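Visitor: I should like to learn how the packing of two helices is read from a structure. May we work through an example together?

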Amino acid sequence: MSEPPGHFDTRRFDTRCVHAGQSPEPVTGAITLPVFQTSTYVQDGLGRHRGYEYARLQNPTREACEANIAALEGGRHGVAFSSGLAAIECLAKTVAPGAHIVSEENTYGGTTRMFTQVFDRLGIDVTLVDTRDAGAIRAALRPDTRLIHLESPSNPLMRIADIAAVVELARRHGALICVDSTFASPFNQKPLALGADVVVHSTTKYLAGHSDLLGGILVVDDDALAEDLRFVRKSTGPLPGPLDSWLTLRGTKTLHLRMARHNENGMRIAEFLQSHPAVRAVHYPGLPAHPQHDLARRQMRGFSGMLSAEFSHADAKRLAEGTTLFRLAESLGGVESMICVPAVMTHASVPEAARLRLGITGGLVRLSAGIEDARDLVEDLERALDKP
Ligand SMILES: *Cc1c(COP(=O)(O)O)cnc(C)c1O
């Protein structure tokens, strides 16, 4: 039922969003792929089935979702998971059991927590470094380093890793390179085209886009790696359900339209904050003032709706509690705007000393610009900031 993987798809990005991985259902002609809400499939005889045995192994709705997102990343294979963290864990268990990983130090808080508080139990050693610095990566590499994990832009500081440069380092060392591209989405950034081996997304965010599910996906080009990932996934079980797969497919149909607005709104809000006297610094790779703006322009097509800004602690609290359109919530990438204070929310699990060293203080506010009218969003922030 699914179409050939993305690698062979010559159609343009916006068309892939709507069509890749999907064709009319063969029995009825239903234009929308059904939710195959089933745990098992009736077999025609012993050892005779139709390619579908059990839902942990195969599900047409999930397979369509995987083919669709693989096509958006320009990769051959998509391997979907029950969450972004499940995807990251499966990759590590598949390629680096009992070995070493070098990771960006400013990742999503849950990723840092898994790397520092769970992987040691699995015998996987992780070294956290500032991946903006090639020298720091090189110094951290060991003979048993199997994976370099980047997150670009990073959460919540919007650091940009030079993906192509790190790819060269990884190649020479014989390590794989994975890029968490959740903040960019495939609309803005294509890590595989820059040479990365694996792209990971928390599909919870921009890909599904409507704040109504958890999901993750790995996209890879290499056939053997894809097969190995699918083997570990079916043997351990962190799969997304059919309805979540279907909702994710529903989401990606409008990814190109949503991202264009997220990009526009992110820029408008960054410019507004940059000009506001209460703001000490704005972190948004689309601003010429961002220290890696040129690199971001080279490897990204747009800069998404994600940004963070530094305030006094009192102003940060007033802003986070005072907006009405920006909802005070963890998560991001939904159609509705969200605001959070990472130090006490998404990154509370990162030890305080590490947080402060990175600059994730109680005054740092993270914003996810939704797809509302930018004028309303700016007014919402203005009102909350200027409240006496
Ligand atoms: C949310 C997020 C994750 C984790 O994904 P879940 O779906 O919540 O498990 C990983 N990386 C980044 C950049 C994220 O924003």
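Guide: In this predicted model, helices α3 and α8 are roughly perpendicular to each other. The reason lies in the angle, because values of 65 to 115 degrees count as roughly perpendicular, and α3 (residues 84-95) packs against α8 (residues 223-236) at about 110°.

Visitor: Which quantities describe two packed helices?

Guide: In general, one gives the angle between the axes and the distance between them. For α3 and α8, the axes lie 10 Å apart.

Visitor: Is the crossing of α3 and α8 left-handed or right-handed?

Guide: The crossing of these two helices is right-handed.

Visitor: Which residues in α3 and α8 meet?

Guide: From α3, the residues are Cys90, Leu91, Lys93, Thr94 and Val95. Their partners in α8 are Leu225, Asp228, Leu229, Val232, Arg233 and Thr236. By character, the residues of this contact comprise 6 nonpolar, 2 polar and 3 charged.

Visitor: Cys90 is a cysteine of that contact. How many disulfides does the count come to?

Guide: As a general idea, a disulfide is a covalent bond joining the sulfur atoms of two cysteines. Here the count comes to 0 disulfides.

Visitor: Why is the sulfur of Cys90 without a bond to the closest cysteine sulfur?

Guide: A disulfide requires the two sulfur atoms to be within 2.5 Å. The closest cysteine sulfur to that of Cys90 belongs to Cys178 and is 11 Å away, which is too far for a bond. Cys90 is also buried, at 2% relative accessibility.

Visitor: What is the case for Cys17?

Guide: The sulfur of Cys17 has its closest cysteine sulfur in Cys65, at 12 Å, again too far for a bond. Cys17 is buried, and its relative accessible area is 0%.

Definitions and conventions
Residues are numbered from 1 along each chain as its sequence is written. This is a predicted model: local features need pLDDT of at least 70, side-chain atom pairs count only at pLDDT 80 or more; totals for chains, interfaces and linings use all residues. Side-chain values use heavy atoms; hydrogens and water are left out. Axes are lines fitted to C-alpha atoms, for helices over the stretch in contact, and angles run from 0 to 180 degrees between N-to-C directions. Helices (H or I, at least four residues) and strands (E, at least two) are DSSP runs, numbered from the N terminus. Angles under 35 degrees count as roughly parallel, over 145 as roughly antiparallel, 65 to 115 as roughly perpendicular and the rest as oblique. A crossing is left-handed if the near helix is turned anticlockwise from the far one by less than a right angle, and right-handed if clockwise. Contact means heavy atoms within 4.5 Å. Ala, Val, Leu, Ile, Met, Phe, Trp, Tyr, Cys and Pro count as nonpolar, Asp, Glu, Lys and Arg as charged, and the others, Gly among them, as polar. Buried means under 20% relative accessible area, exposed over 50%, partly exposed in between (1.4 Å probe, protein chains only).
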